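Visitor: Could you take me slowly through the interior of this protein, and then show me what lies around the ligand?

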Amino acid sequence: MSIKRLGIMGGVFDPIHCGHLFTAEEARIEFKLDKVIFVPCRQPAHKRENDISDPEDRYLVTVLATSNNQFFKVSKVELNRPGPSYSIDTVKEFLKKYHHGVKIFFITGADAFLEVDSWYKSEELIKLCQFVAATRPGYDLNKLDKKFKKNIKIMEIPALSISSTDIRRRVREGKSIKYLLPQEVEEYIYKKGLYRKM
Ligand code: ATP
Ligand code: MG
């Protein structure tokens, strides 16, 4: 099938959870996307490398979580690219891969989008793709700078106040994470002993 409308869901995915999956699926349906590619980042521009889990673990949980959705794929482009992960490089890479015959929808949560001003080459990035910002509890998209507001599509989703930070904390404190993320991911976390201390 030829891909005309492509969703990109970037993230640290440390670990991936139902908030990410639900947001991606909702965007896929609302914007009639042919495919959504999850792109785990190598080194988030805003976090130190040693604050996050091994890239291979983050990649594998993302694969485990997305394998039962035929429209979801996972890409290693950012993991394979040295240095900090800039979304603009990723978007350009996918445009090239599809010979510019594709419209890219860059999916983020409200928190990520509120920081877009500080992203590398954000004004160029916003011209290359359609931004989709999903509502997320605690983050008000009305605060957004006007120059960005007119270029994004805001997607209202049922409030899911699930975060990777909270999941890591729950594991560390011995609390349950069942139903916050897919079972395969939960099993992987326990098998590999992730997040026990941090
Ligand atoms: P952390 O707590 O470590 O920052 P996170 O839960 O925010 O993790 P990220 O990997 O940082 O997850 O997020 C990747 C993308 O998914 C971001 O665009 C973020 O806004 C979005 N996202 C994460 N959780 C949710 C959620 N519950 N609802 C909507 N969007 C979300
Ligand atoms: Mg985050």
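**The nonpolar interior**

Guide: The largest nonpolar core has 33 residues, and those with the most contacts inside it are Ile 16, Val 36, Phe 38 and Ile 189. A nonpolar core here is a set of buried Ala, Val, Leu, Ile, Met, Phe, Trp, Tyr and Cys residues joined through side-chain atoms within 4.5 Å, and buried means under 20% relative accessible area, with exposed over 50% and partly exposed in between (1.4 Å probe, protein chains only). Among the elements that give two or more residues to this core are helix 1 (18–30), strand 2 (35–40), strand 4 and helix 9 (183–192); helices (H or I, at least four residues) and strands (E, at least two) are DSSP runs numbered from the N terminus. Apart from this core lies another, of 27 residues, including Tyr 98, Cys 129, Phe 131 and Ile 152.

This is a predicted model, in which local features need pLDDT of at least 70 and side-chain atom pairs count only at pLDDT 80 or more, while totals for chains, interfaces and linings use all residues. Residues are numbered from 1 along each chain as its sequence is written, chains are lettered from A and ligands numbered from 1 in the order in which they are written, and side-chain values use heavy atoms, with hydrogens and water left out.

Setting aside residues up to four places away in sequence, Val 36 touches Gly 7, Met 9, Ala 24, Arg 28, Phe 71, Phe 72, Lys 73 and Ile 107, where contact means heavy atoms within 4.5 Å. Thr 23, which has its place in helix 1, counts as buried at 7% relative accessibility, and with the same sequence neighbours left out Thr 23 touches Met 9, Ile 107, Ala 134, Met 155 and Ile 157.

Turning to the rings, Phe 106, Phe 113, Trp 119 and Phe 131 form one aromatic cluster, and both Phe 106 and Phe 131 are buried.

Finally, the ligand: 23 residues surround ligand 1, the closest being Gly 109, Asp 111, Leu 160, Ser 164 and Thr 165, and a residue is counted here if one of its heavy atoms lies within 4 Å. A polar side-chain atom of His 17 lies 2.9 Å from an oxygen atom of ligand 1, an N or O atom in the side chain of Arg 136 is 3.0 Å from an oxygen atom of the ligand, and for a polar side-chain atom of Arg 168 the distance to a ligand oxygen atom is 3.1 Å.

Notes:
Rings of Phe, Tyr and Trp (its six-membered ring) pair if their centres lie within 6.5 Å; planes under 30 degrees apart count as stacked, over 60 as edge-to-face and the rest as tilted. A polar contact is a pair of N or O atoms within 3.5 Å; within protein, one must be able to donate a hydrogen and the other to accept it, and residues adjacent in sequence count only if both atoms are side-chain atoms.
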